[in-house]
Amino acid sequence: MTDDSRLQAKRPVSALLAGPYGHPFHPILVTLPIGAWVTSLVFDIASHVVHRPGFLTQSSEWLIGIGVIGALLAAMVGLLDLFAIPSGTPAFRTGLVHMTLNLLVTAAYVANFLWRYGDHTSGRGVGVGQLVLSAVSVAALGVSGYLGGKLAYRYGVRVADETTQAEGYTPDGRRGSTRTPV
């Protein structure tokens, strides 16, 4: 692999849609579905502990819906980042597995939302099947997150190159400056 192909994965396909160089939107957007879905699982578990769980089951349903919307937004810009990675590389294959897992998790949450729709009116806790589906989905999301981290931190996808990063470690903030403080 050439240095050009590695640098290609660092640059946005569209800075307007995917975020400018060194500031990709995908990592920012994934925090919405991750936070919503993890919190929905916490609420699902809590719905089996409290005396009147209806508010938790309703909140969990809302969080699942918010997570699905956030996941769709994150997927759109994530797909643009995937297009920047040269095909046939380990980074591209990792990106495909990452994307596939995320799409499966999102589909599982869509199914979970539809399964729950309107259940909160019963005032009962979340059903065991719904709870298990949420737990398995969060676990798969964790695996996918690990792969996303591998894309960024090991393969450097959409991460600024070392010369640009050096700005943060030079006393005057200039690229390539080797001047030492007096």
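Two residues are in contact when heavy atoms of theirs lie within 4.5 Å of each other. That term is needed for the packing described below. The model is predicted.

The chain has 8 helices and 0 strands. Read from the N terminus, its elements therefore run α-α-α-α-α-α-α-α. Of the 182 residues in the chain, 36% are buried. The chain exposes about 10600 Å², and carbon and sulfur atoms supply 68% of that area. Among contacts with a separation of 6 or more, 73% are between residues 24 or more positions apart.

Helix H7, residues 128-154, is a useful place to start. H7 has 27 residues and reaches 38 Å from its first C-alpha to its last. At 1.5 Å a residue the expected value is 39 Å, so the computed reach is close to it. Which residues of H7 are buried? They are Gln130, Leu131, Ser134, Ser137, Val138, Leu141, Ser144, Leu147 and Leu151. The cover over these buried residues includes H4, H5 and H6. Just after H7, Gly156 takes a positive phi of about 70°.

Two of the buried residues of H7, Ser137 and Ser144, can be used to place other parts of the chain. The C-alpha atom of Ser137 is separated by 8.7 Å from that of Trp37, although the two residues are 100 residues apart along the chain. Ser144 is paired in a similar way with Thr100: these residues are 44 apart in sequence and 8.8 Å apart in space, C-alpha to C-alpha. Thr100 is found in helix H6. Thr100 counts as partly exposed because its relative accessibility is 40%, and the partly exposed range lies between under 20% for buried and over 50% for exposed.

Trp37 deserves a longer look. Trp37 lies in helix H4, which covers residues 31-46. Trp37 is buried because its relative accessible area is 2%, and buried means under 20%. What surrounds Trp37, leaving aside its neighbours within four places in sequence? Trp37 is in contact with Leu63, Ile64, Gly67, Val68, Ala71, Val105, Thr106, Tyr109, Val138 and Leu141. Of these, Val138 and Leu141 are among the buried residues of H7. A polar atom of the Trp37 side chain also lies 3.3 Å from the backbone oxygen of Ile64.

A second tryptophan, Trp62, can be set beside Trp37. Is Trp62 buried or exposed? Trp62 counts as exposed because its relative accessibility is 57%. Trp62 is placed in helix H5, residues 54-83. Together with Leu32 and Ile66, Trp62 makes a nonpolar surface patch of about 310 Å².

Charged side chains come next. How many salt bridges does the structure hold? It holds 2 salt bridges. One of them is between Asp44 and Arg116, whose closest N and O atoms are 2.7 Å apart. Asp44 lies in helix H4 and Arg116 in helix H6, so the pair ties together parts that are 72 residues apart in sequence. Asp44 is buried, with a relative accessible area of 0%. Arg116 is buried too, at 3%.

Arg158 and Asp81 also meet in a salt bridge, with 2.8 Å from N to O. This pair links distant parts of the chain, 77 residues apart: Arg158 is in the loop between helix H7 and helix H8 (162-165), and Asp81 is in helix H5. Both residues are buried. For Arg158 the relative accessible area is 4%. The side chains of Arg158 and Asp81 are also joined by a polar contact of 2.8 Å.

Another loop residue is Thr89, which lies between H5 and helix H6 (90-116). Why does Thr89 count as buried? Thr89 counts as buried because its relative accessibility is 9%, and the cut-off is under 20%. A polar atom of the Thr89 side chain lies 2.7 Å from the backbone oxygen of Pro86.

To review the main points, the buried residues of H7 have cover that includes H4, H5 and H6. One salt bridge ties Asp44 in H4 to Arg116 in H6, and another joins Arg158, in the loop between H7 and H8, to Asp81 in H5.

Note on methods:
Residues are numbered from 1 along each chain as its sequence is written. This is a predicted model: local features need pLDDT of at least 70, side-chain atom pairs count only at pLDDT 80 or more; totals for chains, interfaces and linings use all residues. Side-chain values use heavy atoms; hydrogens and water are left out. Patches are made of residues with over 30% relative accessible area and no salt bridge: like charges are joined within 9 Å, nonpolar side chains (Val, Leu, Ile, Met, Phe, Trp, Tyr) within 5 Å. Accessible areas come from the Shrake-Rupley method with a 1.4 Å probe; for residues, only the protein chains shown count as cover. A salt bridge is a side-chain nitrogen of Lys or Arg within 4 Å of a carboxyl oxygen of Asp or Glu. Helices (H or I, at least four residues) and strands (E, at least two) are DSSP runs, numbered from the N terminus. Buried means under 20% relative accessible area, exposed over 50%, partly exposed in between (1.4 Å probe, protein chains only). A polar contact is a pair of N or O atoms within 3.5 Å; within protein, one must be able to donate a hydrogen and the other to accept it, and residues adjacent in sequence count only if both atoms are side-chain atoms.
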